[in-house]
Amino acid sequence: MSTSADTSIAASTVFEPVIGLEVHVQLLTASKIFCSCSTRFGAAPNTNVCPVCLGMPGALPVLNRKAVEFATLAAMALNCRIHETSIFARKNYFYPDLPKGYQISQYDKPLAEFGYIEVQTLNRGATEEHGVKKIGITRVHLEEDAGKSLHEGFAGSEEKTAIDLNRTGVPLIEIVSEPDIATPDEAYEYLTRLKEIILYTGVSDCNMEEGSLRCDANVSVRPRGQKELGTKAEIKNVNSFRFIREALVYEIARQVEVIEAGGKIVQETRLYNSHEGKTYSMRSKEQAHDYRYFPEPDLLPLVVDEKWKSEIAKTLPELPEARRARLTGDYGITEYDAQVLTVSKALADQFEAAARAAKNPKRVANLVQSELMGRLKAQGIEIESSPVSMKGVAISADLVESGAISGKMLKDLYDLCFERGKDFPEVYDEEGRPQQSSDTSALEKIIDEILAANPKQLEQYRAGKKTVIGFFVGQVMKASKGQANPQLVNELLGKKLEASEPT
Ligand SMILES: [Zn+2]
């Protein structure tokens with residue numbers, strides 16, 4: 001892939017990139033963070049609004065308890081220290097989609113700090129350590145979302161911009177990483193793990209198309225070995241992890257080029273154009289103090305005491321990393337497959353339910369590994385869109401287990417599933433529920449024909465070359481189009497050959 005190649009070029013120069021990521025995740029509460037308006041996506045513009053989220057004078061915010069619980073749960077899953085007391089602050093700035101003129105966020109006393117995510121570092125570059133790397137999480141804090149400017153899709157949109165304030169006041173957490181990320185690939189890995197963990201906790205659907213997960217990247221370069229950080233650029237609102245990786249690859253190369261040509265990097269916000277694969281300057285960066293943060297006077301300090309914290313901790317599910325370790329142990333699958341099977345909690349649950357319901361759980365795991373993954377990979381299909389479901393795998397495993405179908409027949413049926421884009425039970429029915437042949441008289445007839453057609457091999461067998469039986473088994477299987485039960489073929493052949501030996 002060109003991206004990886006570019007990445008290794010970027011990583012191998014005399015410059016080293018330093019990357020930090022800021023991720024906004026929308027929490028799956030039914031109502032907004034400071035009022036009871038619905039958070040439902042897709043409602044008609046400006047229908048989910050009230051005096052509080054419209055920022056009317058005198059309207060007072062009331063904190064959503066569920067939003068605090070979700071934020072705390074996510075922070076716990078990200079290995080953060082939860083502060084008993086945190087403070088809401090006003091972040092002041094003017095923008096048309098922000099009716100109050102400030103966003104309620106958290107500043108110097110956030111909900112949680114000092115977390116980390118473990119990522120697999122990729123095998124690249126002699127200076128890099130291989131294996132697991134901890135990427136620090138500086139903080140996780142709660143805040144409200146702003147509204148949305150609409151530039152198209154309504155009458156007069158050529159001349160006007162409209163504002164939809166349904167999103168104003170939707171609860172978010174902002175997850176800020178330490179500048180620990182060394183390459184675009186590592187950024188991609190961090191985001192993948194982060195999304196996976198958040199999805200497991202169930203506090204967000206992390207749907208990037210609907211804006212439930214948004215990412216900004218801070219990136220700078222410095223001569224390898226230098227302690228001091230270079231001037232950073234912020235790449236804003238890139239809407240897929242792949243594009244973030246691409247944007248970083250481009251931006252790192254751009255910065256290196258500017259410096260090598262004797263230029264200076266300016267601190268600024270840049271946008272990524274995915275069609276061109278380039279970043280563009282949007283505006284020079286306002287410094288943090290320009291926001292004139294101050295404590296929100298309308299909200300009490302947020303207190304998450306030990307008792308509440310321990311209640312929230314009880315709802316923490318088994319997280320992906322732990323689950324992967326357990327799956328490899330319980331089902332004997334490879335780490336790679338465990339990785340794929342735990343990509344979402346739903347998939348891992350489906351797999352485990354199917355494996356447990358099947359007669360032989362290990363066979364389900366084996367089939368996923370031997371028959372499903374390769375076909376998915378060959379066709380570039382994500383496992384969530386696999387034509388053969390986990391339930392289908394379990395059903396096919398049981399058919400092999402009971403001897404109803406052979407391994408060869410299973411392979412053919414899986415091929416048909418992928419050709420037709422249908423699940424296993426459906427294709428199995430369409431094919432007339434084939435059974436491997438255990439019809440003794442039909443098989444005996446085939447064996448007689450094969451023996452008669454191959455006198456030379458029969459002679460060899462009689463002369464003592466017993467290994468020729470393998471040849472005959474192969475011929476019989478071929479003649480039965482792979483539908484014969486191999487065990488039965490062996491058995492019958494043995495008898496026939498024995499009977500044919502001169503006494
Ligand atoms: Zn409201």
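A salt bridge, as I use the term here, is a side-chain nitrogen of Lys or Arg within 4 Å of a carboxyl oxygen of Asp or Glu. The model I examined is predicted.

**Entry 1. Salt bridges**

I looked up Arg254 and found that it forms a salt bridge with Glu268, the closest N and O atoms being 3.8 Å apart. Because the cut-off is 4 Å, the pair qualifies. I placed Arg254 in helix α4 (residues 241–260) and Glu268 in strand β13 (residues 268–273); the pair links distant parts of the chain, 14 residues apart. I noted that both Arg254 and Glu268 are buried.

I then asked for the total under this rule, and the count comes to 43 salt bridges.

I turned next to Asp145, whose side chain meets that of Arg167 in a salt bridge of 3.2 Å, N to O. I located Asp145 in the loop between β7 (131–144) and β8 (148–150), and Arg167 in the loop between β9 (162–164) and β10 (171–177). The two residues are 22 residues apart, and I recorded the pair as a link between distant parts of the chain. Is Asp145 buried or exposed? I found a relative accessibility of 4%, so Asp145 counts as buried. Arg167 has a relative accessibility of 24% and therefore counts as partly exposed.

My third pair was Glu430 and Arg420, whose side chains meet in a salt bridge at 2.8 Å, N to O. Glu430 lies in helix α12 (residues 424–430) and Arg420 in helix α11 (residues 407–420), so this salt bridge ties together parts that are 10 residues apart in sequence. I found Glu430 partly exposed at 37% relative accessibility, and Arg420 likewise partly exposed, with a relative accessible area of 35%.

I also traced a network of salt bridges. Its linked residues are Glu318, Arg323, Arg326, Asp330, Lys345, Asp349, Glu352 and Arg356.

**Entry 2. The second largest pocket**

I read off the volume of the second largest pocket as about 1300 Å³. Which residues lie nearest its centre? Of the 31 residues in the lining, I listed Tyr188, Thr192, Val340, Val343 and Glu382 as the nearest.

I then checked which helices contribute to this lining. At least two residues each come from α3 (184–201), α4, α7 (335–341) and α9 (361–379). Helix α3 gives the most, with eight residues. Sorting the lining of the second largest pocket by class, I obtained 13 nonpolar, seven polar and 11 charged residues.

**Entry 3. A sheet of three strands**

I followed an open sheet of three strands in the order β5-β4-β15, with antiparallel pairing. Its edge strands are β5 (102–106) and β15 (294–295), each of which pairs on one side only. I found five bridges joining strand β4 (residues 88–92) to β5, and the two run antiparallel. As a reference point for this pairing, I noted that Ala89 stands opposite Ser105 in β5.

**Entry 4. Ala479**

I looked up Ala479 and found it in helix α15 (residues 468–479). What does Ala479 touch, residues up to four places away in sequence not being counted? I found contacts with Ile446 and Ile450. Ile450 is 29 residues from Ala479 in sequence, while the C-alpha to C-alpha separation is 8.5 Å. I recorded a relative accessible area of 40% for Ala479, which therefore counts as partly exposed.

Technical notes. Residues numbered from 1 in each chain as written. Predicted model: local features only at pLDDT ≥ 70, side-chain atom pairs only at ≥ 80, totals over all residues. Heavy atoms only, no water. Helix = DSSP H or I, 4+ residues; strand = E, 2+ residues; numbered from the N terminus. Buried < 20%, exposed > 50% of the residue type's maximum accessible area, 1.4 Å probe, protein only. Contact = heavy atoms within 4.5 Å. Pairing = 2+ DSSP bridges. 1 Å grid on protein atoms, 1.4 Å probe; cavity = no way out; pocket = protein on both sides within 12 Å on 5 of 7 lines; lining within 4 Å. Points joined across faces, edges and corners; volume = space filled by probe spheres on them. Nonpolar A, V, L, I, M, F, W, Y, C, P; charged D, E, K, R; others polar.
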